[in-house]
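Trainee: I would like a close look at one part of this protein, the place where its two domains meet. Please set that part in the context of the rest of the chain.

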Amino acid sequence: MSNYHIKHLEEYYQVYRKSLRDPETFWAEVAEEHFMWRKKWDNVLSWDFTKPEIKWFEGAQLNITENCIDRHLRNRGHKTAILFEPNDPNEDAQHITYKQLHERVCKFANVLKEQGIAKGDRVCIYLPMIPELAISVLACARIGAVHSVVFAGFSATALSTRINDCEAKMVITSDGSYRGAKTIDLKGIVDEALEDCSGISSVLVAKRVGSDIQMKSGRDHWLEPLLEAAYKDCVPEIMDAEDPLFILYTSGSTGMPKGMLHTTAGYMVYTAYTFKNVFQYREDDIYWCTADIGWITGHSYIVYGPLANGATTVMFEGVPSYPDFGRFWDIVQKHKITQFYTAPTAIRALAKENLDYVTNRDLSSLKVLGTVGEPINEEAWHWYNDHVGDKKSPIVDTWWQTETGGIMISPIPYSTPTKPTYATLPMPGIQPALMDENGIEIKGNQVDGRLCIKFPWPSMARTIWGNHKRFKETYFSAFENKYFTGDGALRDEVGYYRITGRVDDVIIVSGHNLGTAPIEDAINEHPAVAESAIVGFPHDIKGNALYGYVILKETGESRDRDNLSKEVNQQITDKIGPIAKLDKIQFVPGLPKTRSGKIMRRILRKIASKDTSNLGDTSTLLNPEVVKEIMDKAL
Ligand code: WT7
């Protein structure tokens, strides 16, 4: 029996039981058999959730790019590693072989070194979904620099906050990006961000759109000539198992975004292992994950997991609606995609369009369909299953988080019988627990509670960059000796898990994790705004949309409400990005508060969802009268 590739349900249970009985032997066997180590570990695992401190494969030495590239050169040198599908369907797709990837990563790594980047330095990557994005990520890993990719839809303020938080020395960007029919001036956004970032000594600029941009002399460099001049081989930096690999920011329910730190060996082992099993990956498959590399999904399941398995991974630059709503299915047909991994919000958006877009394409190459990012509703699940999968391709509803690094709960296709809206069973090595409000674990089936994980797994985040205290408080303090996910879940009669949604102040909009506090902070900076509160409400396509309650200052009272609404959304776009814009804005005289001054979001959520039949007891509020006033004018 191989731990690495599970092929039927009985085997899953055997492997799972083994992984609980002796996690260290289990993961050591996986690590031993499938990766290239410069030095083996002295100790598989040491951990203490009270500190918290987690170390996997301590003493081991490796370079993750040797595992993702070099070791495939002998047998897969001419196999496509990255298949790039451009925004414009008339532009040719690019097949980058493992051999070419090796050369491009090495050259890029040498450019980084020439620019003064060394092991441990942070490099911020702000690029669209073009090959340079994956290549620059790998180039950082090649020389031991810590990459921090910022999604290229984030604003200048969001970018500068992240650059400053991780004290990056360099930014890698492009002259612009294509998004459907639009062209976005990425370099302009970087220039604006860098006005607030004194630590950046150089900016590398890839040419993509060919626009006329400003280059600041001494700081900005076109990438192409540097790459051309660079040497084509680069000896990989030998890294310790627990050396940082990357920082990726995720929103918290309060304050600053959290820079989740992932380290090298455990992350590699776990993402490779879950990629192979969750997608039942086979040698000649063409795998496509539609996420952006700016999110954890792209890090783990476009770049590292697939490449560690020697797979062909597709990178798509564009959007599902361009040139029309059949684009995803065109790409599936064109490249004979075997595994297709997307988000429920994309499925819902496409399900709204004419069915011909799907039925007119040949999707028979598909073997596995995946979803991630938020709970998938039953209707979307069936549409995906019936029309995309033709009821033949199992759907893997994969639950995980930026913090977990890899997929935690998911069916194994062709092994685990699927059930709509259920992420089903934990991956080997994952020990979920449902907790009640008193911190007691709820055992047995047909129960629900707060989802925790009781035992470490190799790809878990090790800390929040620069703020270990916050790491401990956010994830390891709500429940003793357990990692708290922030999600609620239920376990059905056979032990399948269904994620019911966040139990904290994080709202998932179109699969993006948005904290209420940063959005409220952005709104409150508007000169006419006194205070605000954001809640989520159900939305057909986005899953949740944002509803903002805004109290104006006296000086704002006379202003036109439509204009104010536009300005509030502009404020959010500037500070965070367009993904955090509000769908509805209600100007209110006050917000319902407890006597200790805490906003009662529960009431605001009910009003926003038009579910006011049972508001509960409002008499203990500081200002009960405001509830009726808000309800009367609700949007
Ligand atoms: C939150 C994490 C993991 C990559 C994308 C999101 C929600 C994620 C599912 C799913 C129900 C899900 C959770 C989780 N979530 N996948 N299959 N079913 N909910 O990463 O931005 O870190 O967000 O997304 O609420 O906590 P993220």
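Mentor: What follows starts with the domains and their contact, then turns to the core, one buried residue and the ligand shell.

The model is predicted. Its protein chain is divided into domain 1, residues 9-472, and domain 2, residues 506-632. Between the C-alpha centres of domain 1 and domain 2 there are 33 Å. To the contact, domain 1 gives 19 residues and domain 2 gives 21 residues. On the side of domain 1 that touches domain 2, α7 (156-165) and α13 (344-351) each supply at least two residues. The helix that gives the most to this side is α13, with four residues. By residue type, the side of domain 1 that touches domain 2 has five nonpolar, 11 polar and three charged residues.

Now the interior. The largest nonpolar core has 194 residues, and Y126, V137 and V269 touch the most other members. At least three residues of this core come from domain 1 and at least three from domain 2. In soluble globular proteins, nonpolar side chains tend to be buried together. Setting aside residues up to four places away in sequence, V269 touches W27, V30, A31, F35 and P458.

The stretch 12-68 also has a record: an unreviewed UniProt entry lists it as "domain: Acetyl-coenzyme A synthetase N-terminal". Residues 12-68 are 47% helix and 25% strand, and the end C-alpha atoms of the span lie 26 Å apart.

For a single residue, take L546, in strand β29 (residues 543-552). L546 counts as buried because it has 25 C-beta neighbours inside 10 Å, where 20 or more are needed. Apart from neighbours within four places in sequence, L546 is in contact with I507, V509, I534, G536, L582 and D583. A580 is 34 residues from L546 along the chain, yet their C-alpha atoms are separated by 7.8 Å.

Last, the ligand. There are 21 residues around the ligand, and P375, Q401, T402, I499 and N513 come nearest. Helix α11 (296-308) and strands β24 (483-491) and β25 (497-502) each supply at least two residues of this shell. The largest share, three residues, comes from β24. Sorted by type, the shell around the ligand holds eight nonpolar, nine polar and four charged residues.

Methods
Residues numbered from 1 in each chain as written. Predicted model: local features only at pLDDT ≥ 70, side-chain atom pairs only at ≥ 80, totals over all residues. Domains from an automatic or database assignment. Contact = placed C-beta atoms within 7 Å. Nonpolar A, V, L, I, M, F, W, Y, C, P; charged D, E, K, R; others polar. UniProt positions renumbered as here; feature names shortened; annotations may be inferred. Near = placed C-beta within 6 Å. Core = buried A, V, L, I, M, F, W, Y, C linked by C-beta atoms within 7 Å. Buried ≥ 20, exposed ≤ 12 C-beta atoms within 10 Å, placed from the backbone.
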